[in-house]
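Trainee: I'd like to learn how to read a structure I haven't met before. Could you walk me through this one?

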Amino acid sequence: MKMYLNENVWDKAIERIEYIFDEFDEIIVSFSGGKDSTVIFNLALIVAKKKNRLPLKVLFVDQEAEWRNVIEYTRNVMSMPEVE
């Protein structure tokens, strides 16, 4: 039997990331430039702004096998003033 809740994925994701910011002094987002880490990065950036915790620390590890477009996108993200 399915149980439907009056919650949505967006609100629950923000709530979970807010919990992380509330529980830990230092937050570092691991970023690959892919779609999943881009979503997490953007959610964390929203929460960091809301909680006055900017700049957001972001870690990218170049494995020397990345697509050129991924590297360019990552450079754009890393050059944002809200990102350290």
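**Reading the model together**

Mentor: Sure. Keep in mind that this is a predicted model. Let's begin with one residue: Ile 20 has a relative accessible area of 37%, so it counts as partly exposed, a label for values between 20% and 50%.

Trainee: Where does Ile 20 sit, and what patch does it help form?

Mentor: Ile 20 belongs to helix H1, which covers residues 9-23. On the surface, Ile 20 joins Tyr 19 and Phe 24 in a nonpolar patch, and the three together have about 320 Å² of accessible area.

Trainee: Let's zoom out. How many helices and strands does the protein have, and in what pattern?

Mentor: There are three helices and two strands. Walking along the sequence, you meet them as α-β-α-β-α.

Trainee: How do I read the overall dimensions?

Mentor: One way is to set the radius of gyration beside the value for a compact globule. For 84 residues such a globule would come out near 12 Å, whereas this protein has 15 Å. You can also picture a box along the principal axes: the C-alpha atoms fill roughly 45 × 35 × 15 Å.

Trainee: What share of the residues is buried, and what does the exposed surface consist of?

Mentor: Of the 84 residues, 31% count as buried. The protein exposes about 6700 Å², with carbon and sulfur atoms supplying 53% of that area.

Trainee: Which residues touch the most other members of the largest nonpolar core?

Mentor: That core has 19 residues, and the ones touching the most other members are Ile 17, Phe 21, Phe 31, Phe 41, Ala 44, Leu 56 and Val 58. H1, H2 and helix H3 (68-78) each supply at least two residues of this core. H2 gives the most, with six.

Trainee: Can we follow one of those residues?

Mentor: Take Ala 44. Leaving out residues up to four places away in sequence, Ala 44 touches Ile 17, Phe 21, Val 29 and Leu 56. You can ask about sequence separation for the whole protein too: among contacts between residues at least 6 apart, 71% join residues at least 24 apart.

Trainee: Now compare two residues for me. Are Thr 38 and Ser 30 buried or exposed?

Mentor: Thr 38 has a relative accessible area of 16%, which is under the 20% cut-off, so it is buried. Ser 30 is exposed, because its value of 57% is over 50%.

Trainee: Where are they, and what do they touch?

Mentor: Thr 38 is in helix H2 (residues 35-50). Beyond its neighbours within four places in sequence, Thr 38 is in contact with Phe 31, Gly 33 and Tyr 73. Ser 30 is in strand S1 (residues 28-30). With residues up to four places away set aside, Ser 30 touches Ser 37 and Leu 59. Ser 30 and Ile 17 are 13 residues apart in sequence, and their C-alpha atoms are 14 Å apart in space.

Trainee: What should I look for in the backbone of the loops?

Mentor: Look at the omega and phi angles. The peptide bond from Leu 54 to Pro 55 is cis, with omega near 0°. Pro 55 is in the loop between H2 and strand S2 (57-59). Asn 52 is also in the loop between H2 and S2, and its phi is near 55°, a positive value in a residue other than glycine.

Trainee: Which residue in the loop between S2 and H3 has a positive phi?

Mentor: Glu 64 lies in that loop and has a positive phi of about 60°, although it is not a glycine. Glu 64 is exposed, with a relative accessible area of 76%, and Asn 52 is exposed with 70%.

How values were computed:
Residues numbered from 1 in each chain as written. Predicted model: local features only at pLDDT ≥ 70, side-chain atom pairs only at ≥ 80, totals over all residues. Heavy atoms only, no water. Patch = residues over 30% accessible without salt bridge, like charges linked within 9 Å, V, L, I, M, F, W, Y side chains within 5 Å. Areas by Shrake-Rupley, 256 points an atom, 1.4 Å probe, with all protein chains shown as cover. Salt bridge = Lys/Arg side-chain N within 4 Å of Asp/Glu carboxyl O. Helix = DSSP H or I, 4+ residues; strand = E, 2+ residues; numbered from the N terminus. Buried < 20%, exposed > 50% of the residue type's maximum accessible area, 1.4 Å probe, protein only. Rg over C-alpha atoms; globule rule 2.2 N^0.38 Å. Contact = heavy atoms within 4.5 Å. Core = buried A, V, L, I, M, F, W, Y, C linked by side-chain atoms within 4.5 Å.
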